[in-house]
Every structure is written in C-alpha cells, then in structure tokens.
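Student: Could you take me through one part of this model up close? I'd like a surface spot first, and then whatever else is worth a look.

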Amino acid sequence: MLALTNTGYKQSLYFGNEDNYGSAAVVDQPIGLVQSVNPTEKNNLIKIRTLGGTRDYSNIVAGKFEVSGSFDYYLQGCAFLRQALGEDTGTTTTVDSGPKYHTGASSYLHIMGSAASPLADNFPSFTLELTDDEDGGNPGTNNLKRTFDGCRVNNLSLSATIDNPVSVTCDWIAQGVTKGTAAASTVTEYTADPYIFYQGAVYSTTGDVSADTAVDSSSIIAEVNGFDWSLNNNLEAVWYIS
C-alpha cells in the first residue's frame, strides 16, 4: 500500500447565506482563491475526581462544544465581505437600498442588516462547507466533509502590497458542525482574476465618492505601496442551561 500526503488540491471551501441564524443554508457561493483553512472543534472536557478515589480521574465528561476556525484567500469577488460588514439598509431599518457610499453633501450611513434583510438588528450568518475528497476515489475510503452552520465573522483583515494579489484573512465562530462523507456542493467558481494592488486608490476630496469617481492629481495623498485594513466584531459565544 502506498501512503500519500494530502496536498490540498482536492479540497474545497464554499459558503451560503443563512436566512435564519443557525439554520443550515444551501451552499452555493465561492469564497475566492482559498490559500489555507484551519477549522477547530473543541470539546472542553470536564475532568472529575472523587473523594476516596485515586489520582486518576473518576469521570471525563463533555463540556461546552466550541467550533471556530480561520481561512485565507485572494480576493476575486466581494460577496463574502458582507458577512463581516453587514449590509446597508439605507436611510431606515426596513428598506435595503443596496450599497451606500459617502457624499460630499451628507454623512455616510451604514446600518447593519441580515441575510433575511430587511429584518433589523440581525447580523449576517452563513453556512460554511469544507470538503476533502483526496481519498474519495480509492476503494474503502470516503470523503471528509464538514458543514459548519451558524457561522459569523469575528475578525477580518485585507492587505495588499505591490506585485501581490489582495489577500483576506478571516476568523470565524460557528454554532455547530455536521459531519459527512458526501461530495462537495456544486458551486460556480469565480472566473475573474484576483484583485491586484493597482486596482485601488487613496485620496481626499470634498466631492462625491463612488466606485466610478476619477482620481485627479489634486486629490492624491501619497504613493501608497501597501495597506492593511482590519475589522473586529468582538463576537461572544453564549451557552445557557436548558
């Protein structure tokens, strides 16, 4: 028998927007050019001794079950970023008006929405699917599949430097995980090249700023060689007695 090292070229990582937190969604969206993924499942075992016993544990019982992880990818599309930023619900909490940007005449407005927008005060959640079918084609073996539900982004950072793609690092916390051996979901991958450092600008202006705003010489701040941007949602996992 020949033992081979898993190389990662038969792994996939996809996600789907949840309409309701913790309810597994249809996994139908790519993330980008994923470079690494690190899921963690922690049982938090409770170790119990007893009077009159020995130095050994009397019982080892399951404690709080924690699921979290991280992944890194090169940015091709921005659909996943809404999981960290929420979505703009416009000038009220009941109307989803799409992207909102700063204007010179009024202040910037961004109200967090949910995957089931226009519900108010609901932060987005997603279902994350990790599949490794490295051994799926060999007799007597199965795919390794984990479906994480109730996922929310805790930390997210973007960075770019000259001659490198824009990279994204995401730390997430999940409500639970389902283990399986099925094949990966069928998802249409991005076909566009990843964003590169020259597809951005840093400038200052009193006028309107949108995706189509031209950058002229009077607005230039500096010749930026790299940038790092990060967001922390400071998520807190909660358990209760029931």
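Tutor: Let's start with valine 224, which sits in the loop between strand E10 (176–180) and strand E11 (226–232). Keep in mind that this is a predicted model. Valine 224 has a relative accessible area of 44%, so it counts as partly exposed, given that the partly exposed class runs between the 20% and 50% cut-offs. On the surface, Val224 joins Leu85, Phe227 and Trp229 in a nonpolar patch. Together those four residues have about 350 Å² of accessible area.

For contrast, try alanine 160, in strand E8. Alanine 160 counts as buried because its relative accessibility is 4%, and the cut-off for buried is under 20%. Now find isoleucine 196: alanine 160 is 36 residues away from it in sequence, yet their C-alpha atoms are 7.6 Å apart in space.

Strand E8 (144–161) also takes us to the second largest pocket, since it is one of the strands that each supply at least two residues of the lining, along with strand E3 (33–42), strand E6 (66–74) and strand E9 (167–174). E6 gives the largest share, with 3 residues. The second largest pocket holds about 550 Å³ of space. It is lined by 18 residues, and Tyr21, Ile173, Ala174, Ala237 and Val238 are the closest to its centre. Sort the lining of this pocket by class and you get 10 nonpolar, 4 polar and 4 charged residues.

Technical notes:
Residues are numbered from 1 along each chain as its sequence is written. This is a predicted model: local features need pLDDT of at least 70, side-chain atom pairs count only at pLDDT 80 or more; totals for chains, interfaces and linings use all residues. Side-chain values use heavy atoms; hydrogens and water are left out. Patches are made of residues with over 30% relative accessible area and no salt bridge: like charges are joined within 9 Å, nonpolar side chains (Val, Leu, Ile, Met, Phe, Trp, Tyr) within 5 Å. Accessible areas come from the Shrake-Rupley method with a 1.4 Å probe; for residues, only the protein chains shown count as cover. A salt bridge is a side-chain nitrogen of Lys or Arg within 4 Å of a carboxyl oxygen of Asp or Glu. Helices (H or I, at least four residues) and strands (E, at least two) are DSSP runs, numbered from the N terminus. Buried means under 20% relative accessible area, exposed over 50%, partly exposed in between (1.4 Å probe, protein chains only). On a 1 Å grid over the protein atoms alone, a cavity is a set of points where a 1.4 Å probe fits but cannot get out, and a pocket is an open set with protein on both sides within 12 Å along at least five of seven lines; lining residues have an atom within 4 Å of a point. Grid points are joined across faces, edges and corners, and a volume is the space filled by probe spheres set on the points. Ala, Val, Leu, Ile, Met, Phe, Trp, Tyr, Cys and Pro count as nonpolar, Asp, Glu, Lys and Arg as charged, and the others, Gly among them, as polar.
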